[in-house]
Amino acid sequence: MHPTRKRRLIFVIALLAAGGIATALAALALQRNAAYLYTPHEVLDGSAGSGVTSGQSRFRLGGMVADGSFRREPGSMEAHFLVDDGDAKLPVVYTGILPDLFRENQSVVATGRMRGNVFVAEEVLAKHDETYMPKEVADKMADAHRRHNVADPVDAPAQGAQ
C-alpha cells in the first residue's frame with residue numbers, strides 16, 4: 001500500500017473511532033441523567049421497577065398535593081406533604097424553598113429518590129397557572145379518575161361559561 005493512502009486510511013479509522021467514543025459517552029451521560037415520571041400508585045405497587053422503590057434510581061414523582069397534608073418543621077426548611085394521584089398517596093419530604101405557586105390541591109412534580117417509604121425530593125416544581133398540568137401527569141390522573149368513576153375536571157364544563 002502506498003504511504004499516502006496508508007496515512008489517509010489511519011486518519012479515517014481514527015476519526016471514526018473518536019466519533020464512536022464521543023457518541024457512546026454522550027449516550028451514557030444522557031442515560032444517567034434521565035429521570036422518568038411516575039405516580040404514587042406506580043411507585044407503591046412496584047410497577048415503576050425495583051430500582052425506583054429501592055432508592056437506587058432518581059425519578060420524577062407527579063400528582064396533586066393532598067389537601068391538609070402540608071406541614072413544615074418548626075424552625076427549619078424541611079417540608080412534609082403527600083402527593084396523591086387518586087389511587088395512592090406517597091409521603092414526600094423536601095428541604096429548601098418551595099415555589100411560590102406551591103399549595104395544597106395543586107399539581108406538583110418533584111425530582112428525587114425513595115428512602116424507605118418516603119420520597120426525598122431534591123427539586124419541587126409547581127404548576128404555573130390555573131389550567132397547566134404536565135401531559136404525563138394529566139394522562140395518569142385521567143386514568144385514575146376513570147377507574148374510580150370521578151368526574152375529570154378537564155372534561156367538566158367551565159362554570160359561568162355561556
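1. Let me start with the β6/β7 pair. Strand β6 (residues 107-115) runs antiparallel to β7, and 8 bridges join the two. One register to check on screen: A110 has V124 as its bridge partner in β7. The two strands make a hairpin with 2 residues between them, and G116 in that turn has a positive phi of about 70°. Keep in mind throughout that this is a predicted model.

2. What else does β7 pair with? Strand β5 (residues 89-95) runs parallel to β7 (residues 118-126), and 3 bridges join them. If you want a landmark there, V92 stands opposite F119 in β7. So much for the neighbours of β7: antiparallel pairing with β6, parallel pairing with β5.

3. Now the charged pairs. How many salt bridges does a search of the whole structure find? The count is 2. In one of them, the side chains of E122 and R58 meet at 2.9 Å, N to O. This pair links distant parts of the chain, 64 residues apart: E122 sits in strand β7, while R58 is in the loop between α3 (50-54) and β2 (59-65). As background, side chains of opposite charge can pair when their charged atoms come close.

4. Is either end of that pair buried or exposed? Neither label fits E122, because its relative accessible area of 44% makes it partly exposed. R58 is partly exposed as well, with a relative accessible area of 32%.

5. There is also a salt bridge between the side chains of R71 and E73, at 2.7 Å, N to O. R71 has a relative accessible area of 45%, so it counts as partly exposed. E73 is partly exposed too, at 27% relative accessibility.

6. On to the overall layout. The protein chain has 4 helices and 7 strands. Following the sequence, the order reads α-β-α-α-β-β-β-β-β-β-α. Contacts between residues 24 or more positions apart make up 56% of those with a separation of 6 or more. As for burial, 30% of the 162 residues count as buried.

7. A word on the surface. The chain exposes about 10800 Å², and carbon and sulfur atoms supply 56% of that. Which residues form a nonpolar patch on the surface? F11, V12, L15 and L16 do, with about 440 Å² of accessible area together. F11 lies in helix α1 (residues 3-33), and it counts as exposed because its relative accessibility is 56%. I'd have a look at this patch in the viewer.

8. Finally, confidence. The average pLDDT for the protein chain is 82, and 83% of the residues score at least 70. Which element has the highest mean pLDDT, and which the lowest? Strand β5 is at the top with 95, and helix α4 (residues 135-147) is at the bottom with 74. That puts the highest-scoring element, β5, in the parallel pairing with β7 from point 2.

9. One caution about residues 154-162. Their pLDDT stays under 50, and the model gives them 0 contacts beyond four places in sequence. Where pLDDT is low, the predicted coordinates should not be read in detail.

How values were computed. Residues numbered from 1 in each chain as written. Predicted model: local features only at pLDDT ≥ 70, side-chain atom pairs only at ≥ 80, totals over all residues. Heavy atoms only, no water. Pairing = 2+ DSSP bridges. Salt bridge = Lys/Arg side-chain N within 4 Å of Asp/Glu carboxyl O. Buried < 20%, exposed > 50% of the residue type's maximum accessible area, 1.4 Å probe, protein only. Contact = heavy atoms within 4.5 Å. Areas by Shrake-Rupley, 256 points an atom, 1.4 Å probe, with all protein chains shown as cover. Patch = residues over 30% accessible without salt bridge, like charges linked within 9 Å, V, L, I, M, F, W, Y side chains within 5 Å. pLDDT = per-residue confidence, 0-100.
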